[in-house]
Amino acid sequence: MVHKPRNSLLTVGVNKYSRSQVVAKRVLYKRKPAGAVAVCPPAVNKTVEVKGAKNGGTRVVAAAKAPRFYAAEDVALPKKNRKHAGVAKLRNTIVPGTVLILLAGRYRGKRVVFLKQLESGLLLVSGPFKVNGVPLKRVNQAYVIATSTKVELDAAKIDAQLNDAYFARPKAAKKAATEEAFFE
Amino acid sequence: MSRLYAKGRVLGFKRAKRNQRPDISLVQIEGVKTLADTEFYLGKRIAFVYRAKREVNGSKIRCIWGRITRAHGGSGAVKARFRNNLPAKSFGASVRVMMYPSRV
């Protein structure tokens, strides 16, 4: 938690407050714990029914399977990245209905109408398709010049379904491994 | 379709009288004559496009991308840093100053 620093430097290597004094500044005696959350210890064993006439019955088996392979040496894991780029702020010259010029990509040079900014920060834009063949697409603000020409747009008419998820690539369905496919 | 870039020329490397630093190239952009004019071009991406004999990825045309980093002098020249340093063969060659990333 970010608050003003609890300690300060008098000179190099000499702090104003000692280690225990800094800890005491946390005023823990005044704070109440949030309330011990009852944590059920994870089940160590689980009972599994074994099928088959000859096997029959139940077995008590470890709930978490022991790994089949233990690495000989510890491998260092890369640190998790906790940095996230913020959403780009919309330029004040870009307003729903503004005619934009696309600077790069397949439709470079085309003039398109700006519809709205999506949650990812990208601009939702359309030719309109019947006018110049530019479909509904997303475009980054940096690759666009805003002209002073504006087209009247009713913002309410833009379908709420048009968001980043609409433009997401469909995940390739995993093909179930069949014997035939294996020998193809 | 119209040209979506400004034309520029590679003037040389950043240099003093007797030493040069090849990591930064100097570029003169057509029509940009004063220090104030260069402000628009700062940050813009530059492409040095050239041809080669051997085909790579289906094309004999190759490109080195870079960005304009700052102005150079008071007469509109500009410093640019490329992903890989420009070859000295590029001095006097054309360079494309794209209009993106746009701030307009």
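These legends go with a set of close-up views of a predicted two-chain model. Chains are lettered from A and ligands numbered from 1 in the order written, and residues count from 1 along each chain's sequence. Because this is a predicted model, local features need pLDDT of at least 70 and side-chain atom pairs pLDDT 80 or more, while totals for chains, interfaces and linings use all residues; side-chain values rest on heavy atoms, without hydrogens or water.

**View 1. The open sheet of chain A has five strands in the order E8-E7-E6-E5-E9.** Strands here are DSSP runs of E with at least two residues, helices are runs of H or I with at least four, and both are numbered from the N terminus. Two strands count as paired if DSSP finds at least two bridges between them. Pairing in this sheet is antiparallel. E8 (137–139) and E9 (144–150) of chain A sit at the edges with a single partner strand each, so one side of each has no neighbour in the sheet. On average, neighbouring strands are turned by 45 degrees against each other, direction ignored; the axes are lines fitted to C-alpha atoms, and angles between N-to-C directions run from 0 to 180 degrees.

**View 2. Here is strand E6 (residues 111–117) of chain A with its partner E5 (residues 98–102).** The E5–E6 pair is antiparallel, with 3 bridges, and Leu100(A) has Val112(A) as its bridge partner in E6(A). E6(A) is also joined by 4 bridges to E7 (residues 123–126) of chain A, again antiparallel. On that side, look for Val113(A) bridged to Ser126(A) and Phe114(A) standing opposite Val125(A). The hairpin of E6(A) and E7(A) leaves 5 residues between the strands, and Gly121(A) in the turn has a positive phi of about 100 degrees.

**View 3. Chain B holds the largest nonpolar core, with 17 residues.** Such a core is a set of buried Ala, Val, Leu, Ile, Met, Phe, Trp, Tyr and Cys residues joined through side-chain atoms within 4.5 Å. Buried means under 20% relative accessible area, exposed over 50%, and partly exposed in between (1.4 Å probe, protein chains only). Ile29(B), Ile46(B), Phe82(B), Val95(B) and Val97(B) touch the most other members. Strands E1 to E6 of chain B each give two or more residues to this core. Beyond four places in sequence, Ile46(B) has contacts (heavy atoms within 4.5 Å) that include Val27(B), Trp65(B), Ala80(B) and Phe82(B). Another core, of 12 residues, lies apart, with Leu102(A), Tyr107(A), Phe114(A) and Val144(A) among them.

**View 4. Chain A meets chain B.** The contact draws 13 residues from chain A and 9 residues from chain B. About 860 Å² is buried between the chains, 69% of it on carbon and sulfur atoms; buried area is the accessible area (1.4 Å probe) that two parts lose on being put together, summed over both. The rule finds 0 salt bridges across this interface, taking one to be a side-chain nitrogen of Lys or Arg within 4 Å of a carboxyl oxygen of Asp or Glu.

**View 5. Some backbone oddities close the set.** Most residues other than glycine have a negative phi, and most peptide bonds are trans. Gly127(A) and Pro128(A) are joined by a cis peptide bond, omega about 0 degrees, with Pro128(A) in the loop between E7 and helix H2 (129–132) of chain A. Tyr100(B) and Pro101(B) share a cis bond too, omega about -5 degrees. Asn57(B), in the loop between E3 and E4 of chain B, has a positive phi of about 50 degrees and is exposed at 81% relative accessible area.
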